[in-house]
Amino acid sequence: MMIEDSENPGGMTPSQLVRTEAAALEALAVRLDGVMAAAFDRAVELVVRCGEGRGRVVVTGMGKSGIIAQKIAATLSSTGSPALFLHPAEAVHGDLGVLMPGDVVVALSASGETEEILRLLATLKRKGDALISFCCDSGSTLALASDVVLDVGVEREACGMNLAPTASTTAMLALGDALAIAVSLRKGFRAEDFADLHPGGKLGKKLALVRDLMHSGDAVPVVGTATVMTDVIYEMSRKKLGLTTVQEDGRLLGVISDGDLRRLLEREGGAALGLTAGEAMNASPRTITASELAARALAELEEKKITSLIVVDGKKHVEGVLHLHDLWGMELI
């Protein structure tokens with residue numbers, strides 16, 4: 001199959017188009033490991049520093065580069081670096097008001113001569129903390145005005161006329177992802193932090209915390225150490241979690257599960273009903289904290305081949321019970 005259109009006269013196969021963009025990414029990776037390594041590290045440092053000072057990352061670009069800039073801003077925000085997109089054409093009509101002292105500006109322009117961005121340079125340099133540019137031409141006006149220049153130059157665009165922004169915008173996108181992730185790693189951004197920023201959809205479900213799914217309050221089965229087994233069985237049946245906690249003043253002492261009860265009856269027969277919860281309980285139950293990721297709880301349940309975890313705080317006070325069925329309901333498996 002040949003691609004025949006105004007941007008690809010003479011035809012280029014889809015695989016050739018993809019390989020052209022792949023070659024651009026490979027060249028970018030080589031530069032990041034070599035001549036551009038110091039500049040990239042400096043860009044990461046500037047973004048981290050602005051965040052420590054409560055500044056933001058303002059990403060700008062025009063046309064196709066502007067679309068990539070919007071995605072980079074979104075990726076930065078979702079990985080712990082507050083960011084926003086500034087449309088350069090709208091900026092000169094009042095939107096520059098969003099720029100605050102301490103902000104870092106990331107400007108995308110393949111040529112480095114985008115008129116709408118060049119008109120902003122004086123204000124960007126005056127109001128912002130630093131200017132980072134993604135350019136194909138290190139000698140361009142934008143590059144020369146920048147504190148850090150990151151080279152997104154490509155050997156050719158993936159179109160027959162070598163004009164339509166394709167390979168260059170792919171390189172910009174990959175470089176923006178690399179910057180966002182490098183910054184998040186430098187900041188120590190954790191899976192728990194990612195979960196806080198992604199509460200919706202399937203991703204949010206996979207990143208849910210134990211506290212979001214656990215049974216708590218009156219739903220938690222509770223007996224004391226002196227509770228007789230008939231009452232233990234009643235509490236287990238009433239709360240329908242397949243176990244009961246054994247507590248004293250809210251502190252976990254042990255658990256009795258359906259399996260514990262079955263094994264007890266097999267071993268003791270009818271005499272088991274004469275025991276107390278304190279005599280029958282498992283004094284070393286599996287526990288987890290409410291702030292753990294539900295996905296980690298699932299891994300624990302599967303590894304230990306159990307169905308529930310008791311949720312406790314640092315002093316072993318019971319906060320809830322997490323059941324395997326709760327994780328199934330959240331599409332974690």
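Contact here means heavy atoms within 4.5 Å. The structure is a predicted model, and this report covers one helix with its surroundings, two buried residues and a small sheet.

**Helix α12 and its cover**

Helix α12 spans residues 229-239, and M229, V232, E235, M236 and K239 are its buried residues. Viewed down the axis of α12, these residues fall within an arc of 115°, so they line one face of the helix. An α-helix has 3.6 residues a turn, so residues three or four places apart point the same way. The elements covering the buried residues of α12 include three strands, β6 (222-223), β7 (243-248) and β8 (251-257). Helices α13 (258-268) and α14 (277-280) are also among the covering elements. Just after α12, K240 adopts a positive phi of about 60°.

**Two buried residues**

T227 sits in the loop between β6 and α12. Its side chain reaches the backbone nitrogen of G224 at 3.0 Å. Leaving aside residues up to four places away in sequence, T227 touches V232, L275, T276 and A277. Of these contacts, V232 is also one of the buried residues of α12.

L179 belongs to helix α8, which covers residues 167-187. With residues up to four places away in sequence again set aside, L179 touches F40, A43, V44 and F134. The pair L179 and F40 is separated by 139 residues in sequence, while the C-alpha to C-alpha distance is 7.7 Å.

Why do T227 and L179 count as buried? Buried means under 20% relative accessible area, and the values for T227 and L179 are 18% and 1%. The table sets them out.

| Residue | Relative accessible area | State |
|---|---|---|
| T227 | 18% | buried |
| L179 | 1% | buried |

**The sheet β9-β10-β11**

Three strands form an open sheet in the order β9-β10-β11, with mixed pairing. Its edge strands are β9 (287-288) and β11 (318-323), each of which pairs on one side only. Strand β10 covers residues 308-312 and is joined to β9 by two bridges, the two strands running parallel. Within this pairing, T287 stands opposite I310 in β10.

Which helix lies across β9, β10 and β11? Helix α15, residues 294-304, does so, and α15 runs at about 135° to β10.

Technical notes
Residues are numbered from 1 along each chain as its sequence is written. This is a predicted model: local features need pLDDT of at least 70, side-chain atom pairs count only at pLDDT 80 or more; totals for chains, interfaces and linings use all residues. Side-chain values use heavy atoms; hydrogens and water are left out. Buried means under 20% relative accessible area, exposed over 50%, partly exposed in between (1.4 Å probe, protein chains only). Helices (H or I, at least four residues) and strands (E, at least two) are DSSP runs, numbered from the N terminus. The arc is that of the directions from the helix axis to the C-beta atoms. A polar contact is a pair of N or O atoms within 3.5 Å; within protein, one must be able to donate a hydrogen and the other to accept it, and residues adjacent in sequence count only if both atoms are side-chain atoms. Two strands pair if DSSP finds at least two bridges between them. Axes are lines fitted to C-alpha atoms, for helices over the stretch in contact, and angles run from 0 to 180 degrees between N-to-C directions.
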